[in-house]
Amino acid sequence: MSIKFLPADLHVHTMASGHSYSSLEEICRSAASKGLEMIAVTEHGPAMPGGPHMYYFGNSQVLPSFINGVRLLFGIEANIINMYGEIDLPSNYLQKLDFVWAGLHPPCIESGDLEFNTCMLIKALENPYVDGIVHPCNPEFPIDVAQVLHKANKEQKLIEINNSSVFVRPGSRENSKEIASLAAKLGNKVMVNSDAHFSGDVGNVKAALEITAQAGLSLEQVINANPDYVLEFKEKRHDVKVKVLK
Ligand SMILES: [Zn+2]
Ligand SMILES: [Zn+2]
């Protein structure tokens, strides 16, 4: 795969997350200047110290669908808070969101052994509201990659290759290579995201793209290689949720 640019970035934070530094407008201006067509703002869930109150996630109807010509999707990077895969936002809020990513973050949950951490991700993937798992590469939370990827495939959910982790979480690059290589073999759908906490980093996925290219992931496997793939995935997940949760 020789993708050099991804038109959609599906994991971006504004200052509402408490440890990020840019406003939504600054994020969108930066995205537009870089030629991005779509972003998903996915703040940390309320369990993160300094994170937004749950009301933040319930008020997104005030936002326009496009800012500076960039399609704006609104989701959450929810915190997995126990071994049952539960996350930190009530379902009546989750159902309003475009995407629900779930991830393991200290201090919202303590890392256990490989079996425990794997179990948390498997259970989170069984949570009908969850659409994908972010930064499974985090060396602080060792996991059985094969089990998680098989489960993600079965549930038709996304696995993330996270650009920021490569720089802020030592050891993530090697873990991401393992995840991307197995995902290429198993045919997982992935998303390659910046996880930007500053406007200048929106759309910055250079290191993550190098990893996906080396792993041999195909263009069709990377859903944010095409905004239409993203919208198709969103619709498909919406239909599944309506069916499962009725
Ligand atoms: Zn995270
Ligand atoms: Zn994040």
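**Exercise 1. Work out how strand β2 is placed in this predicted model: is it enclosed or open, and which strands flank it?**

*Solution.* Start with burial: seven of the seven residues of β2 are buried, so the strand is largely enclosed by the rest of the structure. Here "buried" asks for 20 or more other C-beta atoms within 10 Å of a residue's own.

Next, look for pairing partners. β1 and β2 run parallel and are joined by three bridges. To get from β1 to β2 the chain passes through α1, and this β-α-β crossover is right-handed. In the register of the pair, D9 stands opposite I39 in β2.

Then turn to β4, which pairs with β2 in the parallel sense over seven bridges. A handy place to check this is T42, which stands opposite G75 in β4.

**Exercise 2. Find which residues of helix α1 are buried, and explain why they lie on the same side of α1.**

*Solution.* Go through residues 24-33, which form α1: I27, C28, S30 and A31 are buried. These residues cover an arc of only 160 degrees around the axis, which puts them on the same side of α1.

Now ask what that side faces. The buried residues of α1 pack against β1 (8-12), β2 (38-44), β3 (66-67) and β4 (70-79).

Finally, check what follows the helix. After α1 comes G35, with a positive phi near 85 degrees.

**Exercise 3. Identify the residues that touch the most other members of the largest nonpolar core, and trace the contacts of I39.**

*Solution.* A general expectation helps first: in soluble globular proteins, nonpolar side chains tend to be buried together.

In this model, the largest nonpolar core has 71 residues, and I39, V100, A102, A124, V190 and V192 touch the most other members. The element that gives the most to this core is β4, with six residues.

For I39, leave out residues up to four places away in sequence. What remains is contact with A8, D9, V12, I27, A31, V70, L72 and V202. Two of these, I27 and A31, are also among the buried residues of α1, and D9 is the residue opposite I39 in the strand pairing.

**Exercise 4. Describe the surroundings of strand β7, from its side chains to its partner strands.**

*Solution.* Begin with the strand itself, residues 158-162: five of the five are buried, so β7 is largely enclosed by the rest of the structure. Sort them by direction next. L158, E160 and N162 point one way and I159 and I161 the other, and all are buried.

Add the partners one at a time. β6 (residues 132-133) pairs with β7 in the parallel sense over two bridges, and I133 has I159 as its bridge partner in β7. Together with helix α5 (residues 145-155), β6 and β7 make a right-handed β-α-β unit.

The other partner to place is β8 (residues 190-193), parallel to β7 and joined to it over four bridges. Here I159 stands opposite V190 in β8.

**Exercise 5. Decide how compact the protein chain is for its length.**

*Solution.* Take the inventory: the protein chain has nine helices and eight strands. Its radius of gyration is 16 Å, close to the 18 Å that the globule rule gives for 246 residues, so the chain is as compact as a globular protein of that length.

Two further values fill in the picture. Buried residues make up 50% of the 246 residues. Of the contacts with a separation of 6 or more, 78% come from residues 24 or more positions apart.

Key. Residues numbered from 1 in each chain as written. Chains lettered and ligands numbered in written order. Predicted model: local features only at pLDDT ≥ 70, side-chain atom pairs only at ≥ 80, totals over all residues. Buried ≥ 20, exposed ≤ 12 C-beta atoms within 10 Å, placed from the backbone. Arc of directions from axis to C-beta. Contact = placed C-beta atoms within 7 Å. Core = buried A, V, L, I, M, F, W, Y, C linked by C-beta atoms within 7 Å. Pairing = 2+ DSSP bridges. Right-handed = clockwise from strand over helix to strand, strands pointing away. Rg over C-alpha atoms; globule rule 2.2 N^0.38 Å.
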